[in-house]
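Trainee: I would like to take a close look at a single part of this model. Please walk me through it in one connected account.

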There are 4 protein chains.
Amino acid sequence: AASTPPVSKGEGTDGDRELAKALAAFSVDEPLAPAIASRAYGSGHYPYVDRPKRKTYKSHLRDLQIELLKVQDWARRSGERIVIVFEGRDAAGKGGTIHRFVQHLNPRFVRVVALDKPTDVETAQWYFQRYVAHLPYRGEIVIFDRSWYNRAVVEPVMGFCTPQQTTQFLDQVPVFEKMLVEDGIRLFKVWLDIGREMQLKRLHARHQDPLKRWKLSPVDLSAPARWEAISTARNVMIEASHTTSAPWTVVLANDKMRARLGAIRQVLAHLPYERRDDKIIGVPDPAIILDGHTFLD
Amino acid sequence: AASTPPVSKGEGTDGDRELAKALAAFSVDEPLAPAIASRAYGSGHYPYVDRPKRKTYKSHLRDLQIELLKVQDWARRSGERIVIVFEGRDAAGKGGTIHRFVQHLNPRFVRVVALDKPTDVETAQWYFQRYVAHLPYRGEIVIFDRSWYNRAVVEPVMGFCTPQQTTQFLDQVPVFEKMLVEDGIRLFKVWLDIGREMQLKRLHARHQDPLKRWKLSPVDLSAPARWEAISTARNVMIEASHTTSAPWTVVLANDKMRARLGAIRQVLAHLPYERRDDKIIGVPDPAIILDGHTFLD
Amino acid sequence: AASTPPVSKGEGTDGDRELAKALAAFSVDEPLAPAIASRAYGSGHYPYVDRPKRKTYKSHLRDLQIELLKVQDWARRSGERIVIVFEGRDAAGKGGTIHRFVQHLNPRFVRVVALDKPTDVETAQWYFQRYVAHLPYRGEIVIFDRSWYNRAVVEPVMGFCTPQQTTQFLDQVPVFEKMLVEDGIRLFKVWLDIGREMQLKRLHARHQDPLKRWKLSPVDLSAPARWEAISTARNVMIEASHTTSAPWTVVLANDKMRARLGAIRQVLAHLPYERRDDKIIGVPDPAIILDGHTFLD
Amino acid sequence: AASTPPVSKGEGTDGDRELAKALAAFSVDEPLAPAIASRAYGSGHYPYVDRPKRKTYKSHLRDLQIELLKVQDWARRSGERIVIVFEGRDAAGKGGTIHRFVQHLNPRFVRVVALDKPTDVETAQWYFQRYVAHLPYRGEIVIFDRSWYNRAVVEPVMGFCTPQQTTQFLDQVPVFEKMLVEDGIRLFKVWLDIGREMQLKRLHARHQDPLKRWKLSPVDLSAPARWEAISTARNVMIEASHTTSAPWTVVLANDKMRARLGAIRQVLAHLPYERRDDKIIGVPDPAIILDGHTFLD
Ligand SMILES: Nc1ncnc2c1ncn2[C@@H]1O[C@H](COP(=O)(O)OP(=O)(O)O)[C@@H](O)[C@H]1O
Ligand SMILES: Nc1ncnc2c1ncn2[C@@H]1O[C@H](COP(=O)(O)OP(=O)(O)O)[C@@H](O)[C@H]1O
Ligand SMILES: Nc1ncnc2c1ncn2[C@@H]1O[C@H](COP(=O)(O)OP(=O)(O)O)[C@@H](O)[C@H]1O
Ligand SMILES: Nc1ncnc2c1ncn2[C@@H]1O[C@H](COP(=O)(O)O)[C@@H](O)[C@H]1O
């Protein structure tokens, strides 16, 4: 599967051994091992080797953001409600992608919901309740930076919930989302997927940058050690919740620029808004934009 | 069925004709026709003729309210969440019954939720959203004075929603409630049922009382004319939403005192709280406390 | 002053000594001493000896409640905003009085605000902030069951705030209230005053009643021991905050029926609502309805 | 005063006449007149002619943002509450400046409050109420993108409130702010000031940019025509509300880079946070950072 970390493959070239050592020795406080840095971009079987030009990216992004403004306009006129859920490992690029979605939208009709860990009162309520409170009203776009899917990945992996709670969640979530979709909400679910070395490189870079260091939470710092557990939880989650009414899209995201454009394209391509410019949207790149089931295969 | 109004039965005794005329001529502004007043208590096949003694009622009520305090105490200690939904026609006695439930409870841990008609923002959201916002947290009891079931009865009968919306609601509500119950919420659903003449008598009395007249909303005033439509909607609703996880209890409520005691008993009888006094609870009276399916038969 | 407890007066009749002993020995777990019970009604220099007839009370109350409905109607039409603050010692009868105010009003346009002790978030905010959140909007009546004045009496006496905080509060409160009044809010501030023996009698009765025992908080139970401290704090508070824009009304409240009628009358007498029936309002009884300054003298 | 638009000065050089014509003919739909474009940077007596280097700006900004992180850290540890109010004409650069303040802060402890025009419910409340709801709790920084000062400038100029309401506001606002400051809130009030031609140039540019056009509200579009009215209202506002407890800072803001650095410096310079690096803060530039009174002179 696309997600198997390279370290577990191969039968022991020198490079592999060097990498294995580098991974084992990884610490945000040490300099980043060249074995990690050099493989970050291609890690997790990322299909591209070259990086896109910044200028081309900027110009594409701008065009797509103009399309997003049309979506917003259409939603407001027609009363459409749109929900976009972003999930992914720490440092997968959720925040940056979301930022590009909303950057030029009218903030009165788009909301980014990044819930803190549940308060006591929230823990004491129906699990979905605090998320339901943020569902969009007519004409609104709501983007979840992490979502109810915490119960499928972060919480079980970190031990914040019981296995029973995760099982019950995976049981209920298709029903829950079906209700929303039947109610007319357009629901997108995006998993941003990065390779192991890329995650390490980014966590390391964050730690080096005084402006970003505070972003490294204990959850983040334990992410590398839980790499496999998260992979498994992700797969179980996609398997259980990739439904016809609410399918998953997996975006291979080692390259931030491609990932951002890809995620926006994917959403645009599935919304029947007015004055849509299909030439600008193009076709979501099948090398990095995968349907949940395809990804699992 | 228990709900067929007497006027539609019989083959035309004098009394029937007199009543039919009185019903047709009913107006809150005119004196109440004796034909209505005299039949109110027995209307809708109410099984009792005699009224209980006020003093006995008060003493029973007091004992049951002490049990309710134990329930509250138990809920707070164990973290149980309890939801009681009250539905019924206008003047069925929802408010009075609810008042007796909460009268002596600690208001910090019990809430009565009587939502106003939806605002524009609320109409523009997922239908269940505004109700979900009021679900209890750990240790809390929440009583809904009318509920999401508006979409099954009041709204279609008054033309506030489309038939499709009601159909979709009836489709989704068992799934929705099952999620809550699986999440551990103890859910009670009570329909207070009164006879046609009793409703008229009470609406009339309200109109005569300067302290209560304002309570008569346009919805209330149109209730008598919609008697049959509401009966049908109620039956469809119970049929669709009387489930194993969330059954309906119908309380024949022409007699307010019996109805209040009966509703409290029914709830107490189904909660495994500490220091429960089963002698005080007794057995819910099968003549007026009916299971949803039994009622429909 | 009206509030000096009788026990501190006189130079030692037998009755005085007996009472002093009873007061010292008071405990909610013991039977109530006859010396307390017999003096409760007259305690704190209550000017009346006889009790009003229940039936007369009920009929007056009903008439005044009809007037309150007119007030509500007037407020809704004209957009008036009304705030009524109730303060007083534990067991002074705040809850019961408030209940009679709102009993027959349309609950959609009257709110009773009884805030719990501040949460961590609230403690961390501007002191007035959580109260400001509950101020009325156009057409609404808001009744505070305890209020921002906690910082003048309960909090300093119980040690929940620093003396500096109380001083600053007493400094700011006239300015704060003046802003509200200038903004058009009609503000009433009522202190319900009871005598020492009456408080003991009521606390004792509460403790005996299984339906009411839970109402006795630790704050309540320590109230008797803090009798003098509360008297002093009350006087300082009235002195500092009895202003032209927002005067205090003190209601001598050993007799609940008289107190309730008196408080309602006082409010009605100061509102220029339509169809006001001055014969029903009458003149607030000067023996038990006192202006803040008069009370202090 | 610094704010007199150049067009009203001088006795008619050719350049003046050309500019006057250009101003009169201004429309966002026409190409921008060179007479406006060329004078934008220096308009409103802006003291600088040269633009700073982008690279120097970025490096200074980065350093100052690291200081802001220290402020946030300090606030969280010590419980300090900080409020920064940004006011200024349309296109003065409030949004961009605020963005640089919060860009790298932990979003959980800083909030930007940009209130929409008041809803019906809000209009029906105490004017300050909806702002009070957003005041910070312990450890939090709250930035207002426009604020209660709407009632001093936007509302009277656009006719959204009565002159009496503005007068009352100007009367109350020093008292209101004093209460906050006495309560321990650290309050900064910043007016970003731009010249007339600069405003036109920016409004024009916004209109040309498809990503920004939607930002032009009717209020914005009427801004140029109300230039003088806004100048007057601004001066009256500063005069009335520049107090010792809550002084105004005016930032001459034709140059966005200088304005952003200047505003951040001004705030940093007045906060006694730990590990403050005074060399990085430097001294707020007196040519563009003015105290309210100095500005008026
Ligand atoms: N004790 C906890 N219980 C439940 N969820 C938690 C807990 N601690 C953290 N989380 C959740 O785990 C997710 C990841 O946490 P973190 O890495 O700190 O945040 P982020 O990656 O969003 O910056 C967040 O959604 C957070 O709410
Ligand atoms: N326009 C409407 N759209 C949807 N629901 C409405 C509308 N008008 C009234 N309702 C709902 O119908 C129910 C009955 O209304 P009413 O008889 O006025 O209230 P009640 O019987 O609770 O005093 C209420 O739950 C109310 O919210
Ligand atoms: N720790 C505390 N800090 C501040 N206020 C408190 C605290 N504990 C209780 N109070 C306040 O003291 C008041 C009196 O408390 P209590 O006697 O328990 O309630 P009540 O008399 O309203 O039933 C209440 O307004 C409560 O919010
Ligand atoms: N009708 C209105 N009443 C009061 N304030 C308004 C109104 N319309 C706009 N505003 C305020 O004017 C300011 C500028 O508006 P805008 O340029 O549209 O963002 C904002 O703070 C708005 O909230």
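Which atom in the side chain of Asp220(B) does an oxygen atom of ligand 2 approach, and at what separation?

Mentor: This is a predicted model, and in it an oxygen atom of ligand 2 is 3.2 Å from an N or O atom in the side chain of Asp220(B). Taken alone, ligand 2 exposes 550 Å², of which the protein buries 77%. The surroundings of ligand 2 comprise 13 residues, and those that come nearest are Asp90(B), Arg146(B), Asn150(B), Ser217(B) and Asp220(B). Asp90(B), like Asp220(B) one of these nearest residues, has a polar side-chain atom that lies 3.0 Å from an oxygen atom of ligand 2. The backbone takes part in the picture as well, since a polar backbone atom of Lys117(B) is found 3.2 Å from an oxygen atom of the ligand. By class, the shell around ligand 2 holds six charged residues, five nonpolar ones and two polar ones, and at least two residues of that shell are supplied by each of helix 7 (154-158) and helix 10 (218-221) of chain B.

Chain A can be brought onto chain B by a rotation of 180 degrees with 0.0 Å of shift along its axis, the superposition giving an RMSD of 0.0 Å. The two copies are therefore related as by a two-fold rotation axis. Among the residues of chain A, Ala133(A) comes closest to that axis, its C-alpha atom being 3.2 Å away.

Turning to ligand 1, one finds 13 residues around it, the closest being Asp90(A), Arg146(A), Asn150(A), Ser217(A) and Asp220(A). Here the side chain of Ser217(A) has an N or O atom 2.7 Å from an oxygen atom of ligand 1, while for the side chain of Asn150(A) the corresponding distance is 2.8 Å, and a polar side-chain atom of Arg146(A) lies 3.1 Å from an oxygen atom of the ligand. On its own, ligand 1 has 550 Å² of accessible area, and the protein covers 77% of this. Its shell divides into five nonpolar, two polar and six charged residues, with helix 7 (154-158) and helix 10 (218-221) of chain A each supplying at least two of the shell residues.

As for the wider setting in chain A, an unreviewed UniProt entry lists residues 53-277 as "domain: Polyphosphate kinase-2-related". Over residues 53-277 the chain is 50% helix and 14% strand, and the end C-alpha atoms are 23 Å apart.

Technical notes: Residues numbered from 1 in each chain as written. Chains lettered and ligands numbered in written order. Predicted model: local features only at pLDDT ≥ 70, side-chain atom pairs only at ≥ 80, totals over all residues. Heavy atoms only, no water. Near = heavy atom within 4 Å. Polar contact = N/O pair within 3.5 Å; in protein donor to acceptor, adjacent residues only side chain to side chain. Areas by Shrake-Rupley, 256 points an atom, 1.4 Å probe, with all protein chains shown as cover. Helix = DSSP H or I, 4+ residues; strand = E, 2+ residues; numbered from the N terminus. Nonpolar A, V, L, I, M, F, W, Y, C, P; charged D, E, K, R; others polar. UniProt positions renumbered as here; feature names shortened; annotations may be inferred. Least-squares fit on C-alpha atoms with pLDDT ≥ 70 in both.
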